[in-house]
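Okay, thanks everyone, I'll keep this short. Have a look at the model on the screen, and then I'll walk you through a few things.

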Amino acid sequence: MSNSFEKRMTSQVKVGSVLIGGNAPISVQSMTNVDTRDTPLVLDQIRRLKEAGCEIVRLAIPDIEAAKAIAAIKKSEKQIPIVADIHFDYRLALECLNNGIDKIRINPGNIGDMDRVKQVVTASKERGIPIRIGVNAGSLEKELLAKFGGPSSQAMVESALGHVKILEDLNFVDTVISLKASDVSMTIEAYRLLASKCSYPLHVGVTEAGTVKSGTIKSAIGIGTLLAEGIGDTIRVSLTSAPELEVTTGISILKALGLRKGGVEIISCPTCGRCQIDLIEIAEQVEVALANCKKEIKIAIMGCGVNGPGEAKEADIGIAGGAGTAILFRKGEIIRKVPQSDLVFELLKEIENF
Ligand code: SF4
């Protein structure tokens, strides 16, 4: 599948082994939700996130113990880049930088006096560590809320550019920016506006998007709209659920836009009155069975002979349903007819052998 989305050109930063911005592929990130001070628990969750396809993982650093734990985490986990999420306290940033963190998320305007900001910027610069400025509609500066009459896309952009200026005045440009709101329209508007004003790479997401169903829809619309306009260099789906699900949802958004290739792609019909097999059950079973399959393969699961053979022929492996049976296709060729009771088994066997 080709895509016509021309990505906006941005500057590039290096987060451990992952590049964000420029021509780098759009990366998918998530955040752990266990106590950062509990190293075994954190490492276990990071392992699961990696298995799900996560490329950058962020950890909350609420106190100095969490910042100290980064040393042990970085010692054991050398593959995936780790980002420290810090609010206000410059000492936590310095401790994380000393312990080998790959990126920090901190807003320089919230750190306090310039001496503290300088210490963080100098330590980041010395180690080549990027900083993400993360503006959230829920925690905008009082002056901006007064100026714009409440949270708005303009207020978020002005806040972000204020933080950017502090870094630029210290000759620091290894910056990534995010502008998150739980309101999808405000998020989209804010990123569009920011993209027109600077060329820093953007971390895109809809924050506090909600539970799996509403969060997936909001994220797909918010992140998807921006990516389709070429805006966004790294994404995080925010869900009130297991972080692994944020990762798989993020990957699905990229795949739906043709911005990520590879892996299993399942095409299945919605079924209608022509369908004479239990296609929904079959599609669900196949999806679950292939959840961790890394094979690059397109599978068509179609209910009948109207669109079925056409789609099934375009896929690597496909079925087109009949009366309690289905025709199995491989690369457009009919292989055999399979009774409904054996369909999932036979389909998975074909996929495995493909
Ligand atoms: Fe209906 Fe057949 Fe189309 Fe599925 S493929 S929606 S069963 S017409």
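So, burial first: of the 354 residues in this protein, 51% count as buried. Keep in mind that what you're looking at is a predicted model. The secondary structure comes to 12 helices and 15 strands, and the C-alpha trace spans about 75 × 45 × 30 Å along its principal axes.

How do the contacts split by sequence distance? If you take contacts between residues at least 6 apart in sequence, 64% of them join residues at least 24 apart.

On to the surface. The protein exposes about 16000 Å², with carbon and sulfur atoms supplying 52% of that. As for charge, there are 42 positive and 43 negative side chains, and the centres of those two sets sit 2 Å apart.

Now scroll to helix α12, residues 343-353. Which of its residues are buried? You get Leu343, Val344, Glu346, Leu347, Glu350 and Ile351, so two glutamates are on that list along with the leucines, the valine and the isoleucine. Remember that an α-helix has 3.6 residues a turn, so residues three or four places apart point the same way. And what covers the buried residues of α12? The cover includes helix α10 (279-289), plus the strands β12 (297-302), β13 (317-321), β14 (325-330) and β15 (333-339).

Last stop, the ligand. Around it you'll find Cys269, Pro270, Thr271, Cys272, Arg274 and Cys275, and then Met302, Gly303, Cys304, Val306 and Asn307. By type, that shell breaks down into seven nonpolar residues, three polar and one charged.

That's my tour, over to you.

Key. Residues numbered from 1 in each chain as written. Predicted model: local features only at pLDDT ≥ 70, side-chain atom pairs only at ≥ 80, totals over all residues. Heavy atoms only, no water. Helix = DSSP H or I, 4+ residues; strand = E, 2+ residues; numbered from the N terminus. Buried < 20%, exposed > 50% of the residue type's maximum accessible area, 1.4 Å probe, protein only. Contact = heavy atoms within 4.5 Å. Areas by Shrake-Rupley, 256 points an atom, 1.4 Å probe, with all protein chains shown as cover. Lys, Arg positive; Asp, Glu negative; His and termini not counted. Charge placed at Lys NZ, Arg CZ, Asp CG, Glu CD. Near = heavy atom within 4 Å. Nonpolar A, V, L, I, M, F, W, Y, C, P; charged D, E, K, R; others polar.
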